[in-house]
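Visitor: I'd like a close look at a single part of this model, please. Pick one spot and walk me through it and what lies around it.

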Amino acid sequence: MRGKNLVRSFSLLFGLLYLFSSLASAQGFSGLARVEASQSAAKGTVEEVLIDLSLSQGVPYRMFLLDEPPRLVLDFQEVDWTGLREEEFLQGEGVLSARFGTYVPGWSRMVLELAGPMTVSAASMAIDSVTAAAELKVQLQDATPESFAENTGAPQDSHWDLPVPAPLKRPKQRDENAPLLVVLDPGHGGIDPGAKAEGGVVEKDLMLRFALELGEVLIRSGQFRVQVTRDDDYFVSLERRTALAHQAGADLFISLHADSIAQGHAHGSTVYILSDEASDAASSSLAERHDRGDLLAGTDLSQTDDLVAGVMLDLARQETRPRSKALARSVVSALQTHGGPVNRKPLRSAGFSVLKSADIPSILIEIGFMSSERDLKNLLDPAWRNQIARSILAGLIEWRILDEAQKDLVRQ
Ligand SMILES: [Zn+2]
């Protein structure tokens, strides 16, 4: 926990640099600013880094530093990143990785993972008065861990992705036959593409498509209402996903993925639940990778740990855990009966952050693995996806009956 959140260094928070609207109209405003890949680079060493980003037009931007791992985050009004390739953009060992893409609708983000603690020593965006092209230059200098720590943290005025702290809700009394609210969570999005396959297929797109298809199937059954954590290609942090489920008053939460796993030649649908101890090494590294994907997309975790709340959450989770497990079991058995192919060990567990809702039964389904040729072919097949969607529906219906029976038992 950091007490200095409110005293963030303003020297790093440049605020939004609004440009004169005449600049945009002067060049026959064409929508998005484009990155000029050939004139953009992040060069330098662990002592000094120079970032040069060339854009077709000026855009409002801001920047800040984050720790664990050290990162520089640059936010822009939407930028078209087409043509920019990480391996060409990064030159020298001062920056370890670069991610760029949509953050929230209308805004883009670039996250540079730094080789060590650094501070911004100079930054400017120059606009060419004739062409309106813009050049952003940022200079970073190595810093002590102390001075770095003083200058890190996401801006507090950011309303972009801060989850609203949600109070724990008691189960509400409701008509037993009323549709349950399912929050579907298409994995990844925007700056975080998830798994990638040849031919430009990315997990974030596949899962958005599948979530919308599954939503249709669930709604048509009349037994469920559906909300999604994202309905387009933008970034949503793991914490935000669970916060959205709370805000919506979800009865259950299902995160949808199709990751790539090198370990153990994973294939077939697999259902995961939350646990402190992972069921196996592959599940553990999968959960870690999802958290890391969030970090590389520029999530600030420095303000999220609160010990007291942690204890409360653990107590509430003890009640929810058996319900999540029953949900996972029902979905697995429905997939085995109606879907397939199913993983040889279809029910697994690990410390997935997105499953940490204390009071909402939550599961994560790897519909298939994009690293498996067979699974990828299935994932791209609408008929197969429809069959999986109907299997999941069957699992949810079975779980609902069991869950109601269980509640009656508790009440007696
Ligand atoms: Zn994934």
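Guide: Let's settle one word before we start: a residue is buried if its relative accessible area is under 20%, exposed if over 50% and partly exposed in between, using a 1.4 Å probe and protein chains only. This is a predicted model, where local features need pLDDT (the predictor's confidence in each residue, from 0 to 100) of at least 70 and side-chain atom pairs count only at 80 or more, while totals for chains, interfaces and linings use all residues. Residues are numbered from 1 along each chain as its sequence is written, and side-chain values use heavy atoms, leaving out hydrogens and water.

Let's look at the zinc site. His188 and His290 each offer NE2 to the zinc ion, His257 offers ND1, Glu203 gives an OE atom, and Asp259 appears twice through OD, with distances of 2.1 to 2.8 Å. Donors here are N, O and S atoms within 2.8 Å of the metal (3.2 Å for Na, K and Ca), and sites may look incomplete because water is not among the atoms. The angles between the six donor atoms run from 53 to 162 degrees, so the arrangement is irregular.

Along the chain, the donors are spaced as H-x14-E-x53-H-x1-D-x30-H. Distant parts of the chain are linked here: histidine 188 sits in the loop between β12 and α4 (203-220), histidine 290 in helix α6, 102 residues apart. Histidine 188 counts as buried because its relative accessible area is 8%, and histidine 290 is buried too, at 9%. Helices (H or I, at least four residues) and strands (E, at least two) are DSSP runs, numbered from the N terminus.

Now follow α6 (281-296) outward: helix α5 packs its buried residues against it, and also against β12 (180-186) and β14 (252-257). On α5 (residues 238-248) those buried residues are Leu238, Arg240, Arg241, Thr242, Ala243, Ala245 and His246. Just after α5 comes glycine 249, which has a positive phi near 70 degrees.

From there we can step to the largest nonpolar core, which has 38 residues; Ile367, Ile392 and Leu396 touch the most other members. Among the elements that give two or more residues to this core are β12, α4 and β14. Apart from neighbours within four places in sequence, isoleucine 392 is in contact (heavy atoms within 4.5 Å) with Phe210, Leu214, Val331, Leu335, Ile365 and Ile367.

As for confidence, pLDDT averages 85 over the chain, and 83% of the residues score at least 70.

How values were computed:
Tetrahedral: all angles 85-135°; square planar, octahedral: opposite > 155°, others 65-115°. Core = buried A, V, L, I, M, F, W, Y, C linked by side-chain atoms within 4.5 Å.
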